[in-house]
Amino acid sequence: MPINAALADISNGLLLTTVILYAVAMLCYACDFAFARHRVMAGITEAEVARKQVPELVAVGAGGPAAPVKEDLTPASAAGEPPRSSRWPSGFWLRLAFSLTCTGVVLHVAAILTRGLAEHRVPWGNMYEFIGAFTCMAVLVLVAASVFYRAYYTGLFVLLPVVFGLGIDLTWVYTPVGSLVPALQSYWIAIHVTAMIVAIGLFIFGAVVTTLYLLADRSQRRLAAGQSSWSAGIWEHLPVPAVLDRLSYRAVLFGFPVWTFGVMAGAIWADHAWGRYWGWDPKETWSFITWVVYAMFLHARATAGWRGRRAGWIQLAGFVCLMFNVIGVNLWITGLHSYAGV
Amino acid sequence: MKLPDGAGSITYLGYQQWVSLAITYDPGQLPALISGIAALAGLILSFLVRRRRVFVRAAASPDGSTAVTLGGLARSDAAGGFDTEFAELARLLRAEHDGRSMQAVQLGDGVAEGIGDGVAGGFSDGIADEPEDFDDQGRGRIAVPAGSSVTAASATAETAAAATPEALTGREGE
């Protein structure tokens with residue numbers, strides 16, 4: 001079937017609009033930090049967080065971060081503090097920012113769909129499409145975390161790398177519509193690459209929140225030690241570091257099995273296509289390294305004394321490996337995955 | 001066809017059809033698939049299952065009453081939440097009884113044994129990094145976190161002993 005160039009143009013236009021919407025949403029999130037008087041999360045104390053633990057954990061066990069959290073019936077909300085118990089954003093700027101984010105992600109999904117329809121194939125067959133897809137996943141995770149964990153405060157920080165990524169994607173990485181190279185013409189692309197996209201989206205969210213955690217934690221420790229902290233004003237608008245730590249942990253906890261599945265699916269595809277499961281191709285090697293480092297993070301979390309700060313650094317190391325695998329391996333190393341093309 | 005500079009000539013003689021075949025027999029595919037699925041299932045299961053233990057000890061006090069001590073130990077509480085669960089358990093237990101005093105103390109992470117003296121023990125909060133709270137043996141510092149120490153107004157020895165296992169299974173079975 002011929003490639004539908006008109007539809008491809010629509011896809012490009014949609015993606016450009018998406019980036020603009022995300023950028024404006026970022027501005028609104030920033031305005032919310034600057035102007036909003038009442039913070040939804042900032043006032044939550046450690047004890048209140050602990051009180052909400054049980055229902056949240058049940059939800060995680062049932063289906064990861066995307067599972068809905070049951071409305072908490074804590075004394076605080078029962079005593080009549082409506083904004084705190086609501087899962088929807090409050091305040092003009094935050095509402096606007098979140099609406100723009102949601103509109104943006106809908107257009108983002110539409111851009112990916114139209115691209116796929118124009119090409120008559122799964123729309124993640126080259127680097128341009130792949131970056132578009134996993135940034136979309138990252139924003140979907142942001143929206144889910146916002147609603148289910150009231151993590152609206154992460155909006156600005158998650159959209160920042162997303163906007164940068166999409167900007168680079170649209171300018172330098174852009175690839176016109178085309179057919180898949182023969183090596184990729186398999187139904188396994190829908191399984192293996194989709195799993196990777198989902199995992200990368202979750203890992204991006206986790207890495208952003210961990211970075212926030214490390215910075216907030218550092219600021220808090222400096223203040224506790226009587227030193228000055230230039231960023232203390234920012235963290236006042238965010239929940240206590242422990243909440244950030246837990247949120248990023250949840251994202252990784254959900255992303256890790258998906259990544260594992262993705263690597264396994266890749267091995268099966270490799271056996272199908274190349275006659276061996278594992279050949280220490282650079283992409284394979286780096287996805288294994290990424291897997292090991294994220295496994296180290298999960299283990300560190302379960303170890304006393306390695307929680308929090310040190311575990312956070314391990315997670316960031318894992319994320320660096322991930323990003324090197326996604327981008328560096330394609331740019332600088334020649335391997336069997338080189339068709340992905342930059 | 002003559003090549004330049006007197007390098008000889010090339011003549012087309014015809015062609016032969018050929019095929020290259022690579023045949024593999026891999027009986028390990030099915031076991032590999034089953035192992036892979038099992039490994040993934042185990043991995044997911046290990047994330048879903050939370051290992052935690054609760055100890056309840058009833059001991060006679062010199063004054064004739066019975067002191068019921070509650071101890072909790074989370075082996076993997078990386079996501080946090082054991083504090084809350086433990087406090088809730090202590091509350092349930094206390095609600096069951098009248099007439100005795102009860103102390104609830106949560107043990108630190110990595111303290112597998114040594115619920116020994118009841119009130120000793122750190123606490124596992126599953127929150128930030130607090131290496132300071134753990135000494136070299138991995139034993140929790142002697143500290144009772146706010147909200148973990150529950151002193152019930154009263155409980156009779158009989159009802160305490162009888163009701164405790166019930167209350168425990170009720171919470172642990174979830």
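A crossing of two helices is called left-handed if the near helix is turned anticlockwise from the far one by less than a right angle, and right-handed if clockwise. Keep that in mind as we work through this predicted model.

**Exercise 1.** Work out how helix α1 (residues 5-35) of chain A and helix α7 (residues 155-171) of chain A are oriented, and which hand their crossing has.

*Solution.* Start with the geometry: the two helices pack at an angle of about 155°, and their axes lie 9 Å apart. Angles over 145 degrees count as roughly antiparallel, and α1(A) and α7(A) are therefore roughly antiparallel to each other. Next comes the hand: α1(A) passes α7(A) in a left-handed crossing. Now look at the residues in contact, among them Leu15(A), Tyr22(A) and Phe33(A) of α1(A) and Gly155(A), Leu160(A) and Leu170(A) of α7(A). By class, this contact has 18 nonpolar residues, one polar and no charged.

**Exercise 2.** Do the same for helix α6 (residues 127-149) of chain A and helix α8 (residues 188-224) of chain A.

*Solution.* Here the axes come within 8 Å and cross at roughly 50°. That makes α6(A) oblique to α8(A). The crossing of this pair is right-handed. Residues of α6(A) including Phe130(A), Met137(A) and Ala145(A) meet residues of α8(A) including Val193(A), Gly201(A) and Phe205(A). The contact of α6(A) with α8(A) divides into 16 nonpolar residues, one polar and no charged.

**Exercise 3.** Find where confidence is lowest and highest in chain B.

*Solution.* Begin with the whole chain: the mean pLDDT of chain B is 63, and 52% of its residues reach 70 or more. Then go helix by helix: confidence is lowest in α3 (residues 157-172) of chain B, at a mean of 36, and highest in α1 (residues 29-48) of chain B, at 92. Over residues 108-174 of chain B, pLDDT stays under 50. Where pLDDT is low, the predicted coordinates should not be read in detail.

Methods:
Residues numbered from 1 in each chain as written. Chains lettered and ligands numbered in written order. Predicted model: local features only at pLDDT ≥ 70, side-chain atom pairs only at ≥ 80, totals over all residues. Heavy atoms only, no water. pLDDT = per-residue confidence, 0-100. Helix = DSSP H or I, 4+ residues; strand = E, 2+ residues; numbered from the N terminus. Contact = heavy atoms within 4.5 Å. Axes fitted to C-alpha atoms, helices over the stretch in contact; angles between N-to-C directions. Parallel < 35°, antiparallel > 145°, perpendicular 65-115°, else oblique. Nonpolar A, V, L, I, M, F, W, Y, C, P; charged D, E, K, R; others polar.
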